[in-house]
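Student: Could you take me through one part of this structure up close? I'd like to see how a piece of it sits among its surroundings.

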Amino acid sequence: MGHDHDHGSGHGHNHDHSTVNRTRLTWAFVITATILVAEVVGALLTNSLALLVDAAHMLTDSFGLLLALTAANLVLRKPTLKRTWGFRRAEVLSATVQSALLLAVGIYAAVDAVRRLFIPTQVHADGLLIFGIIGLVGNLIAMWIISGGREANLNMRAAFLEVLNDALGSVAVIIAALVIHFTGWTSADSVAAIVIAALIVPRAVKLLGETTHILLESTPRGLDLEAVRAHLEQQGGVIAVHDLHASQIASNLPVLTAHIVAEDRMFTAGATGQLLRDLQQCVADHFEVSIEHSTFQIEPKSHRDSSYHSQC
């Protein structure tokens, strides 16, 4: 006996949030793309590696925000018989691509910055300062726009982190420009590029780890399956729990399946319906990670004895 438990009352609420997040991402993309064009022009005029690296970072982030915006649109599509979860996983795939691109850009920036430390070049500090300020102001505006929805899902979180690191990169560019202006030490530009790379790589690795965790269908973080098993087995009429699995379709969408071995009296008394409701309520309300999509197969002890012994 199987059943899927789904609280559908929040669908309209989630749809409203998704629409708002799409608007935020659209504005953030427009601002980021504008800053990208400005920084490319600035890098060519000032001969700054830091500004060029930040522009490469902005190019990646512009592409990342475009992916995030695409994913936010796909998530709104309704499930079909071919895609029973719709495109809910699109935000995870988007965040994975974003983090992989950021990692590649960060490594390239670090290598090229170290190379230029040994081959200093002339950098125009005043122009560098102007374009650094333009980038910072634009990024702060984009951060403000996205901040309200950054906890909604991995997609929005990735987008916010991209803009945040862009802002920090602009700060590094401004500092480098001031150092070069007052001291003439042009290697400050390469140091700023290294700082930007140091901002990119760790969070790219962390985000890539989180998205990979979901794509590998690992147990949701914060959910102890042994504790879940023990609690389910404490329910009246339950003998054992086997084939217990939990994973995530997307952020904020954990799912759980399990086979429940119940006492034979639960079937003769017609009590399986109440047992099923108790199990659903248990995984939805008892644990820190609330699982509203749960599927249970309730089977008599004789069924398990006559079929197979699970190795799980």
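Tutor: Let's look at helix 4 and one of its glycines, then turn to a pair of packed helices. Keep in mind that this is a predicted model. Helix 4 covers residues 125–147. With 23 residues at 1.5 Å each, it should span 33 Å, and its end C-alpha atoms sit 32 Å apart, so the two values agree. Quite a few of its residues are buried, including Leu128, Phe131, Gly135, Asn139, Ala142 and Ile146. A general point helps when you read such a list: an α-helix has 3.6 residues a turn, so residues three or four places apart point the same way.

Now zoom in on Gly138, which lies in helix 4. Its relative accessibility is 9%, and because the cut-off for buried is under 20%, Gly138 counts as buried. Leaving aside residues up to four places away in sequence, Gly138 touches Ile31 and Ile35. Ile35 is 103 residues away along the chain, yet the two C-alpha atoms are separated by 6.7 Å.

For another glycine, try Gly209 in helix 6, residues 188–215. Gly209 is partly exposed, at 34% relative accessible area. Its C-alpha is 9.2 Å from that of Ser99, though their positions lie 110 residues apart in sequence.

Helix 6 also packs with helix 3, residues 90–117: their axes come within 7 Å and cross at roughly 155 degrees. Angles over 145 degrees count as roughly antiparallel, so that's how these two helices run. The crossing is left-handed, and the contact residues divide into 25 nonpolar, five polar and three charged.

Key:
Residues are numbered from 1 along each chain as its sequence is written. This is a predicted model: local features need pLDDT of at least 70, side-chain atom pairs count only at pLDDT 80 or more; totals for chains, interfaces and linings use all residues. Side-chain values use heavy atoms; hydrogens and water are left out. Helices (H or I, at least four residues) and strands (E, at least two) are DSSP runs, numbered from the N terminus. The expected span of a helix is 1.5 Å times one less than its number of residues. Buried means under 20% relative accessible area, exposed over 50%, partly exposed in between (1.4 Å probe, protein chains only). Axes are lines fitted to C-alpha atoms, for helices over the stretch in contact, and angles run from 0 to 180 degrees between N-to-C directions. Angles under 35 degrees count as roughly parallel, over 145 as roughly antiparallel, 65 to 115 as roughly perpendicular and the rest as oblique. A crossing is left-handed if the near helix is turned anticlockwise from the far one by less than a right angle, and right-handed if clockwise. Ala, Val, Leu, Ile, Met, Phe, Trp, Tyr, Cys and Pro count as nonpolar, Asp, Glu, Lys and Arg as charged, and the others, Gly among them, as polar. Contact means heavy atoms within 4.5 Å.
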